[in-house]
Amino acid sequence: MSEDRHMIPVWLFVGILLFLYGILIFVSGLAEWSHPPNTELSNLHAPVWWGAIMIAMGALFIQTFRPGKKTK
Amino acid sequence: MIEIGVLLSHLLIVPAAATGRMISLRPVDLAIIVIYFAAVLGIGFYLKGYAKRGEDFFVAGREMSAWVAGLAFISANLGSLELLGWAGNAYQYGILAAHWYWVGAIPAMLFLALVMMPFYYICRTHSVPGYLELRYGRATSGLSAITFAVMTILMSGVNMYAMAVVMQVILGWNLHFSIWVSSLTVGIYVALGGLFSAIFNEVIQFFLIWLGALLIPILGLIEAGGWSGMVARIQQNFPGRDFTHMWGPMVNPSQNPMGVQWVAIVFGLGAVLSMGYWTTDFLVVQRIIAAKDIRAAKTAPIIGAFFKMAVPFIVILPGLLGRAVLPFHLYPADVARAGQHTYDQVLPLMMARYLGPGLLGLGITALIAGFMSGMAGNISAFATVWTYDIYRPFIKKDGTDRHYVAMGRWCTMIGLLISIGAAYIVTHFGSLMDYVQALFSFFIAPLFGTVIIGMLWKRATKKAGFWGLLAGITTAITIFALMRGHPERVAWFCFYAGAKPLAQQMWQALWAFIAVVTVSVLVTLVTKPRPDAELRGLVMGLTEVPSEGDLPLVKRPVFWAGVCFAVFLVLQWIFR
């Protein structure tokens, strides 16, 4: 999209935001590992794996749509 | 979506005990929310340089890929009131609520893709009223544009107020703070980057909504022991009641809590109401008009349809899971007592149940993103219709392109301020809200009737378009007025006195559509048709739609529409 006008693809913005959020959530999950919050199923440590998934998704978008890389 | 009107009234009646906050945020949650606001504003400033021409500001340069247009299309519809309201409906009505996502959306979206989009795209219209001007002339277009502009801006204000109340209830946020911060953010990024900015942010919002909401059904199903475990728990908690079948209870309206029969669902909702919303409500259609070519324009609604089919997973399932796992019952807003929660609070309750710091911030950001995407949809559609369908034809015909872009930016902010004004009026006169919501629903079904007759029947005349549309609107208003406050009259139009507001809305739409068709046909028969030459590119039979025969099967929109429809049928069968 918009390659002709050298517009940054929206997917790069998506990737950066997911990556940032993933890090925040992942770190927050690690920080509460030994004293999880008072929520149901906190023993599953959802923030850790959900944060990791978001980091992976964000990294994939950034890698695929980073400036200078030809995409089709 | 139009049926939100009924839900809103429930959302806004908050029992006294529920006015304390339900959820507390930690610094990491606040950081996630602040980053989101910074990101959407940053994107608006970045895109300002790309939105200098009218074609850029109002239709995003018509260069969106199918995926971008499709995700923006679905995101503009995924408002947070939709998420909260339909999760509450799922708690109240069970899986019946999923009809609004499946039969009430998928056939209409596929119909838009395969039948209607080629006409919108080939005639190069910038809006739905723009199509009506080409097809029926200025009178019909003006009627449609003015009603759309007024209703869109009022609806935006009502939604703004409703969302601020939700934030007050869930988070304890100040009402004025929520209204001003969220609406000014939307206003700034839309005024700067126009539809480019709205669409970019809608794509981001799409991801946030899904990632913020998806964990709730996943963790809920783990806790409940899967689907069968959830069904067993619901039966244990609410013995003798069926919340997990969609079509079985539809045979007799007295057998389901909605008071609706399958005829109203299939014809009122599936064939008229949803067709009206998904194919003629400019708020969503605008995203598809911005597609880069006709194949992208046809593919985008199909992509949207696949995701729409999946939305019940993050909206309906949490409502059902609420029945299964919450240790207390929820109640209708008008009967909940102190200390009790209402149906529409089921989603925040489930968020508080499963989401800890960080994830909670993401979930709240998903709600804020949903609100802002819906509002940006309203504001950007208003700016286009006001500038191109009201200001240009009726006020200043000879302006330059630059002048109209400036008008688009100004009316974005002015429209926003009117919305804020409407929000404050509703704050003081709550009952007005119901009427504003109802007003919006008056126009959807008649507009669909007028547009579809214009596209499929070349004989339909200019006068038929205008009088048919007016007759449909009048019929909808009359039926609404007759049923309002007179439950005994509900049976006149709904064939069942116990029909609930959602069912009444379906019948009202069906009668309005019938009125449009009847009047349009009668007026056409006594008026002079337009010559074929004037209708080329606008009407079936006189429009050459590019063939896709040379494309491989997997690149043809019709193939994916077929796959989507097959999945839709399978879902109906599974949850019958």
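Is Ala105(B) buried or exposed? I started with this residue in the predicted model. I counted 25 other C-beta atoms within 10 Å of Ala105(B). The cut-off for buried is 20 or more, so Ala105(B) is buried.

Next I looked up where Ala105(B) sits. I found it in the loop between α5 (80-93) and α6 (106-122) of chain B. I then listed its contacts, leaving aside neighbours within four places in sequence. They are Trp100(B), Ser274(B), Trp278(B) and Lys308(B). I checked Lys308(B) separately. It lies 203 residues from Ala105(B) along the chain, yet their C-alpha atoms are separated by 7.6 Å.

**Helix α18(B)**

I turned to α18 of chain B, residues 401-428. I noted 28 residues and a reach of 41 Å from the first C-alpha to the last. That is close to the 40 Å expected at 1.5 Å a residue. I pulled the buried residues of α18(B) too. Among them are Met407(B), Gly408(B), Cys411(B), Thr412(B), Gly415(B), Leu416(B), Ser419(B) and Ile420(B). I kept one rule in mind while reading that list: an α-helix has 3.6 residues a turn, so residues three or four places apart point the same way.

**Contact between chains A and B**

I looked up the contact last. Chain B gives 28 residues and chain A gives 26 residues. On the side of chain B, I listed the elements that give two or more residues: α2 (27-48), α9 (175-213), α10 (215-224), α16 (346-354) and α17 (359-395). The largest share, six residues, comes from α2(B). By class, I recorded 22 nonpolar, three polar and three charged residues on this side.

Notes:
Residues numbered from 1 in each chain as written. Chains lettered and ligands numbered in written order. Predicted model: local features only at pLDDT ≥ 70, side-chain atom pairs only at ≥ 80, totals over all residues. Helix = DSSP H or I, 4+ residues; strand = E, 2+ residues; numbered from the N terminus. Expected span 1.5 Å × (residues − 1). Buried ≥ 20, exposed ≤ 12 C-beta atoms within 10 Å, placed from the backbone. Contact = placed C-beta atoms within 7 Å. Nonpolar A, V, L, I, M, F, W, Y, C, P; charged D, E, K, R; others polar.
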